Structure formats: structure tokens, C-alpha cells
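This report goes through selected local features of one protein chain, from single residues to strands and enclosed spaces. Please keep the sequence and the structure in view while reading.

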Amino acid sequence: MILVTQSFGNEQEYKRAIFCIASFYAHCEDKSSACYLFTDNPDYFQKYLNDFPIRYFVLTPDKIKAMRGDIDFLHRMKIALIDEAFEHADQNLLYADSDTFFLKDPSEKMSRLRPDISFMHLPEYSFESMRDWMLPAGVPFRAFINLISENQFKMPDGSALKIDTSGYSWNAGVMMLHTSHKKYIPEVYAITEQSYPFTKNHACEQYAFSIALQRHTTLHRCDDVSYHYWYRVKKKLADAFLQKEVADFDIHPIAESFERIRKITQELPLRIENSVVFLKDASIQSFNENRFFIGYKFAARVLVRSPFEYLFIKDILYHTKRMLIFSR
């Protein structure tokens with residue numbers, strides 16, 4: 001098993017990746033498992049990760065440009081670095097975004113990989129559901145379902161692929177890939193490169209992995225071993241916490257802190273999802289999507305904890321008025 005991750009651009013990204021890698025080694029029984037880290041700043045990581053078998057792949061500006069491809073798509077880089085990792089590895093790959101951390105040892109799930117079995121973080125929504133996503137936020141999602149409904153995609157072997165719109169988009173923050181799955185990477189490239197320019201949907205690479213793996217394998221979820229805090233509010237809360245924790249690795253090195261790291265990985269998801277900031281956002285997002293009952297459930301949890309949130313109460317009253325009009 002080889003852990004593959006990426007981190008470039010700024011120090012906060014580096015801190016996320018450090019905690020991701022630290023959580024992997026804290027939980028993983030086999031400390032000899034290698035990690036492939038794609039980064040523009042290996043020196044930053046080496047002072048924290050010298051105790052572990054890290055192989056650095058340097059992301060120069062030219063390499064980043066090449067990985068983004070002719071479509072100049074940031075998330076195409078994920079396909080490119082997994083492709084490159086397969087070129088150097090003779091083992092199964094565990095890919096993780098930097099804004100993830102591990103909740104327990106992923107080895108058991110990795111041992112279940114087969115040519116016909118793969119893992120992604122979790123299923124999020126069906127492609128068909130995109131038809132009704134609210135505007136204007138739903139524009140790139142409606143564009144994607146319209147594209148795959150009305151067109152065929154040219155595959156690398158010259159065949160034409162009609163994508164099954166009943167399939168699901170799976171979160172690609174964590175993926176477990178068998179060595180044989182390397183042969184599906186050209187298909188992932190092809191779907192991404194034929195969908196992003198026409199939809200500008202920043203999940204196109206995720207859709208491409210989801211489509212390819214659902215076509216060729218039985219896809220399973222692995223969110224019980226990993227936590228992906230990609231959502232902006234969750235990321236803000238996690239970053240504030242990890243700022244202090246990663247700084248502490250200067251005093252207490254990662255290899256001496258496994259017990260504390262394991263404890264953090266159990267506590268941090270609850271800390272994030274029970275915070276007033278997250279609950280308020282979840283409530284307002286539910287109201288905006290006309291899921292009023294769920295919005296009130298989140299709102300009640302906020303007001304029990306913080307009853308004098310006057311601006312939030314004003315928002316609730318606004319959406320209550322809107323609900324009454326909506327229900328007529």
C-alpha cells in the first residue's frame with residue numbers, strides 16, 4: 001500500500017497535508033508503508049516527516065501547467081499525479097486529498113481491493129438529481145447532466161461511451177485503487193477533458209473517476225476510515241485547530257505523538273460538526289434549498305447552545321415567512 005497525496009501553494013495547504021500523513025502513520029500498523037507526496041516545497045515537509053518513508057515529487061510551475069492540461073483544469077492534476085504514482089509503484093494506491101485525515105487503519109479495506117473492487121470516500125448524489133438543482137448555483141451541475149444525456153464520449157480506444165445518467169457522483173477525496181485500475185486512467189482523462197470545457201463544473205474529475213470505477217468495478221465507500229473536510233465551513237474550522245496542532249509537532253515530533261494524533265482524529269469530526277458556526281451554516285443552506293424541516297432542526301441546535309444569535313434569528317424569521325408563501 002502506498003499513500004498518495006498532494007500539497008502546494010501555501011502554508012495552510014502544507015499543514016493540512018502534514019496532519020493527513022501524520023494520521024495515516026498514527027493509525028497504520030505497518031509504519032513501513034510508503035507515501036508519495038506531490039509538492040512544490042519538499043523542504044517544508046522534511047523537518048516534520050523525516051521519520052517516515054516519504055518520496056517527494058516536486059511540482060514546478062511547468063509541471064503544474066502540464067498536469068492541468070490543455071483544458072487548464074486544477075483538478076485534472078489529481079488524475080495526473082495518480083497516473084504518475086502508478087508509473088512508479090508496484091502496489092495498490094491509497095489516494096487522499098490534503099484536506100482529509102484518517103480515523104483508523106485503512107489496511108483492512110486496502111486488502112479487499114481486487115481488479116473488480118474499488119473504494120471512494122462516499123456516494124454523494126445521483127447524476128439525475130442535477131436536473132433540478134436550484135439556480136444560479138446549479139448551473140454547472142445542470143450543464144453536466146445535460147451534456148451526458150445528449151452526447152457520447154470518445155474513449156481512448158476510439159469507441160463511443162454513452163454515460164449512464166442513473167449513476168452516482170462519489171466523493172473523490174479518498175480513493176483506493178488496485179494496481180490493475182491503472183488501465184482506467186486514460187478513460188478518466190477522456191471524460192474529464194470532454195466535460196470540463198463545456199460545463200466549467202469543478203467536480204468533473206470526480207465525476208470521471210466515479211463513472212469509470214462504476215463501469216468497471218463494484219465501488220464501495222470508505223468514509224468509516226477517513227474524514228474529508230472539503231466544505232468551506234468545515235475547512236475553516238479544521239484549519240483553525242490544525243494551525244496549533246501542527247505547530248506543536250515542532251516540540252513533540254509526529255513519531256512521538258501517535259496516541260495524541262489518534263485521539264484528535266476521533267474528536268475533531270465531532271468538534272467540527274457540533275460547532276455553532278457549522279450548525280448555523282447547515283441551517284441556512286437547508287432553508288435556501290427549501291428543506292425547511294431540516295433547517296429548523298439545525299436552528300434548534302444552534303439556539304439551545306447560543307440563544308442570543310439575533311442576526312441568525314432574523315434569518316430564521318425571513319425563511320419562515322418564505323416557507324409560508326412557498327406552501328400556499
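## Residues with positive phi

D72 is partly exposed, because its relative accessible area is 48% and the partly exposed class runs between 20% and 50%. This value, like the others in this report, comes from a predicted model. D72 sits in the loop that connects α3 (61-68) to α4 (76-88). Although D72 is not a glycine, its phi is positive, at about 50°.

N290 also has a positive phi without being a glycine, here of about 65°. The loop between α11 and α12 (292-305) holds N290. With a relative accessible area of 22%, N290 is partly exposed.

## A cis peptide bond

Which peptide bond is cis, with omega near 5°? The bond in question runs from L135 to P136. P136 belongs to the loop between β6 and α6 (139-150).

## Strands β6 and β9

Strand β9 covers residues 168-177, and nine of its ten residues are buried. Strand β6 (residues 117-126) pairs with β9 in the antiparallel sense, over six bridges. Two positions show how these strands are set against each other: L122 stands opposite N171 in β9, and Y125 stands opposite S169 in β9. Strand β4 (residues 93-96) is also antiparallel to β9, and four bridges join the two. Within that pairing, Y95 has M175 of β9 as its bridge partner.

β6 is mostly covered as well, with seven of its ten residues buried. In which sense do β6 and strand β10 (residues 218-221) pair? They pair in the parallel sense, over four bridges. I117 has T218 in β10 as its bridge partner. As background for reading these strands, side chains in a regular strand alternate between the two faces of the sheet.

## Buried residues S226 and K234

S226 lies in strand β11, which spans residues 226-228. Is S226 buried or exposed? S226 counts as buried, because its relative accessibility is 2% and the limit for buried is under 20%. The S226 side chain comes to 3.2 Å from the backbone oxygen of C222. Apart from neighbours within four places in sequence, S226 is in contact with F101, F102, L103, H121 and V174.

K234 is part of helix α9 (residues 232-248). K234 is buried too, so classed because its relative accessible area is 15%. What joins the side chains of K234 and E273? A polar contact of 3.4 Å does so. E273 is also among the residues in contact with K234 once neighbours within four places in sequence are set aside; the others are Y227, Y229, I272 and F278.

## The largest pocket

The largest pocket contains about 1,900 Å³ of space. Its lining is made up of 49 residues, and those closest to the centre of the pocket are E124, N171, W230, Y231 and R232. N171 is the residue of β9 that L122 stands opposite.

Helix α11 (residues 276-288) is the element that gives the most to the lining of this pocket, with six residues. By class, the lining of the largest pocket has 21 nonpolar, 14 polar and 14 charged residues.

## The cavity

How many cavities of 30 Å³ or more are there? The count is one, and the volume of the largest cavity is about 50 Å³. The largest cavity is lined by F86, L177, H181, Y184, I185, V188, F209, A212 and L213. Two elements, α7 (185-199) and α8 (204-216), give two or more residues to this lining. The most comes from α8, with three residues.

The lining of the largest cavity divides into eight nonpolar residues, one polar residue and no charged residues.

## A position in helix α13

D315 is in helix α13, which runs over residues 310-326. D315 counts as partly exposed, because its relative accessibility is 35%. Along the chain, D315 and K63 are 252 residues apart, and their C-alpha atoms are separated by 46 Å.

Note on methods:
Residues are numbered from 1 along each chain as its sequence is written. This is a predicted model: local features need pLDDT of at least 70, side-chain atom pairs count only at pLDDT 80 or more; totals for chains, interfaces and linings use all residues. Side-chain values use heavy atoms; hydrogens and water are left out. Buried means under 20% relative accessible area, exposed over 50%, partly exposed in between (1.4 Å probe, protein chains only). Two strands pair if DSSP finds at least two bridges between them. A polar contact is a pair of N or O atoms within 3.5 Å; within protein, one must be able to donate a hydrogen and the other to accept it, and residues adjacent in sequence count only if both atoms are side-chain atoms. Contact means heavy atoms within 4.5 Å. On a 1 Å grid over the protein atoms alone, a cavity is a set of points where a 1.4 Å probe fits but cannot get out, and a pocket is an open set with protein on both sides within 12 Å along at least five of seven lines; lining residues have an atom within 4 Å of a point. Grid points are joined across faces, edges and corners, and a volume is the space filled by probe spheres set on the points. Ala, Val, Leu, Ile, Met, Phe, Trp, Tyr, Cys and Pro count as nonpolar, Asp, Glu, Lys and Arg as charged, and the others, Gly among them, as polar.
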